[in-house]
Amino acid sequence: MLDPFPRAPATIARVEQPRYTAVAQALHWFTALLVLAVLPLAWVATSLPASPTKGFVFQLHKSVGITIFAIVALRILWRAWHPAPREAFVPPALALLGRINHLLLYLVFLLMPLSGFVLSAAAGNTTQYFFLFPIPPFMEKNKAVADLADQIHLAGQYAVYLLVSLHVLATAWHLIVRRDALLDRMLPRQDV
């Protein structure tokens, strides 16, 4: 019977996967760190009572979100000039699922900061980018727009949870079950 998910050949001691560029790797891991920061900041900020501390944490959350937007935009531009390396020993169907997940991650990581910024601007708030400079609202206060942006931001939050979980689980599956060294594509080469 044909295995729909063939593994790397057992005779090869270590599968060598084509790797992303060092810049793509750095941008990927920087994005991951920022996502790991932005989510707890949101959880803490929403749990706090109205106070200067709540405002401070929300400003940090918004600053990290804007940084994610910029880094993901940079990643997309970099990827346009440096396409992703092909997946060795990965069936075409799995490779397609991986590309779809990556595309959706890019979209949600652009949508979340954008909807958050629109929410803040429509509520009449100025964003202090890491308290270095202000980003004033680009529009008049508008409750309807703020409410819509809030709904988009909330839905996007669950999309982030789902897509990041799928990404991490797929990576673990490749690492533990398939043992095809797919994670190596996003790691610096180890010269032994």
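**Entry 1: H102**

I started with H102, which sits in helix α3. I note here that the model is a predicted one. I looked up how open H102 is and found a relative accessible area of 24%, so I put H102 down as partly exposed. I then looked for a polar partner of the H102 side chain. One of its polar atoms lies 2.8 Å from the backbone oxygen of G98. I also took the distance from H102 to T46. The two are 56 residues apart along the chain, and their C-alpha atoms are separated by 28 Å.

**Entry 2: the chain as a whole**

Next I stepped back to the chain. I listed four helices and two strands. In sequence order I wrote down the pattern α-α-α-β-β-α, which puts the two strands between the third helix and the last one. For the extent of the C-alpha trace along its principal axes I noted about 65 × 35 × 30 Å.

I looked up how much of the chain is buried. The chain has 192 residues, and 34% of them are buried. The accessible surface comes to about 11,900 Å². Carbon and sulfur atoms account for 73% of that surface. I also checked the contacts between residues at least 6 apart in sequence, and 75% of these join residues at least 24 apart.

**Entry 3: helix α1**

I went on to helix α1, which runs over residues 22–47 and has 26 residues. From the first C-alpha to the last, α1 reaches 38 Å, and I compared this with the 38 Å expected at 1.5 Å a residue; the two are close.

Which residues of α1 are buried? I wrote down A24, Q25, L27, H28, T31, L34, V35, V38, L39, L41, A42 and A45. I then asked what covers the buried residues of α1. The cover includes α2, α3 and α4.

**Entry 4: salt bridges**

How many salt bridges does the structure hold? I found four. I took three of them in turn.

The pair R99 and E87 came up with its closest N and O atoms 3.6 Å apart. R99 lies in helix α3 (residues 92–122), while E87 is in the loop between α2 (52–81) and α3, so this pair ties together parts that are twelve residues apart in sequence. R99 has 42% relative accessibility and counts as partly exposed. E87, at 21%, also counts as partly exposed; the cut-off for buried is under 20%.

The pair K143 and D147 has an N to O distance of 2.9 Å. Both residues belong to helix α4 (residues 143–178), and because they are four residues apart there, about one helical turn separates them. K143 is exposed at 60% relative accessibility, whereas D147 is partly exposed at 36%.

The pair R178 and D180 also gave 2.9 Å, N to O. Are these two buried or exposed? R178 has 2% relative accessibility and counts as buried. D180 has 0% and counts as buried as well. I looked next for salt bridges that share partners, and these join E87, R99 and R185 into one network.

**Entry 5: what I keep**

I keep two points from these pages. The R178 and D180 bridge is made by a residue at 2% relative accessibility and another at 0%. The cover over the buried residues of α1 includes α3, the helix that holds H102.

Methods: Residues are numbered from 1 along each chain as its sequence is written. This is a predicted model: local features need pLDDT of at least 70, side-chain atom pairs count only at pLDDT 80 or more; totals for chains, interfaces and linings use all residues. Side-chain values use heavy atoms; hydrogens and water are left out. A salt bridge is a side-chain nitrogen of Lys or Arg within 4 Å of a carboxyl oxygen of Asp or Glu. Buried means under 20% relative accessible area, exposed over 50%, partly exposed in between (1.4 Å probe, protein chains only). A polar contact is a pair of N or O atoms within 3.5 Å; within protein, one must be able to donate a hydrogen and the other to accept it, and residues adjacent in sequence count only if both atoms are side-chain atoms. The expected span of a helix is 1.5 Å times one less than its number of residues. Contact means heavy atoms within 4.5 Å. Accessible areas come from the Shrake-Rupley method with a 1.4 Å probe; for residues, only the protein chains shown count as cover.
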